[in-house]
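This briefing reviews selected features of the fold shown below. Please keep the sequence and coordinates at hand while reading.

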Amino acid sequence: MRLTGAGLALLLAACTPAAVDEAGFAEAADLAESVDPGNLERTVTTIANEHRDDVTVPCDGYEPKDGFPACELSRDAAVSEVADTLASFGYAPVVEPLGDSPPAFNVIAERQGETRPEEVILVGAHLDAFYSGADDNTSAVAALLEIARIVRSRRFARTVRFVGFDLEEYGAVGSTRYVAAGGADDVVLALILE
């Protein structure tokens, strides 16, 4: 197919962005100002310590290799901590088992949208970590929980769903099973924290 000068002009015109809609900028800035760095630090410390003291996930089929300490992966305490923290914010978290080889446990909670609740904004982070996992991925879990804290009393058109995915270090096991089970069929936007 050849693209003529007129066709190129039409293509470029179609790709030119419209004027920026600044309607939500003030609310976004207000949300950002609500972040409490102390909460983030406390959550990272708590979950990293729990990972350090947690039992490891069975690593059958995921043998250790250079740079991949498969048999050092933990998640059970993080699953409980995330579910408990979301519950303390007033959410009704669900620990959803997905598959059994190996078993994965995603933690899911929602803030129902008001005018378009069938459209979901997903905020996700993975719960599993090698060793204490403070930087991968406990810092992202802390951010997810802080976002959940901040938005719990806000009103949104769309539903905001928080998902702590399990076994992502084994190759996106929790998120892949979540999508395969239809969990993401209503998602219109996903923010995955890593």
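Which strands does helix α4 lie across, and at about what angle does the helix run to β3? Helix α4 (residues 76–88) lies across β2 and β3, and its direction is at about 15° to that of β3. The model is predicted: local features need pLDDT of at least 70 and side-chain atom pairs pLDDT 80 or more, whereas totals for chains, interfaces and linings use all residues. Residues are numbered from 1 along each chain as its sequence is written, and side-chain values use heavy atoms, without hydrogens and water.

**Conventions**
- Helices (H or I, at least four residues) and strands (E, at least two) are DSSP runs numbered from the N terminus.
- Axes are lines fitted to C-alpha atoms, for helices over the stretch in contact (heavy atoms within 4.5 Å), and angles run from 0 to 180 degrees between N-to-C directions.

**Sheet**
- Five strands, ordered β2-β3-β6-β4-β7, make up an open sheet of mixed pairing (at least two DSSP bridges between two strands).
- Because β2 and β7 (187–193) stand at the edges with a single partner strand each, one side of each has no neighbour in the sheet.
- From one strand to the next, the twist averages 25°.

**Strand pairs**
- Strands β2 (residues 94–100) and β3 (residues 103–111) run antiparallel, joined by six bridges, and a hairpin connects them through two residues.
- Pro97 stands opposite Phe105 in β3.
- Strands β4 (residues 116–126) and β6 (residues 158–165) are parallel over eight bridges, with Ala125 opposite Gly164 in β6.

**Glu146**
- Glu146, in helix α5 (residues 134–151), is buried (under 20% relative accessible area), at 5%.
- Beyond its neighbours within four places in sequence, Glu146 contacts Ser34, Val35, Asp36, Asn39 and Leu40.

Conventions
Buried means under 20% relative accessible area, exposed over 50%, partly exposed in between (1.4 Å probe, protein chains only).
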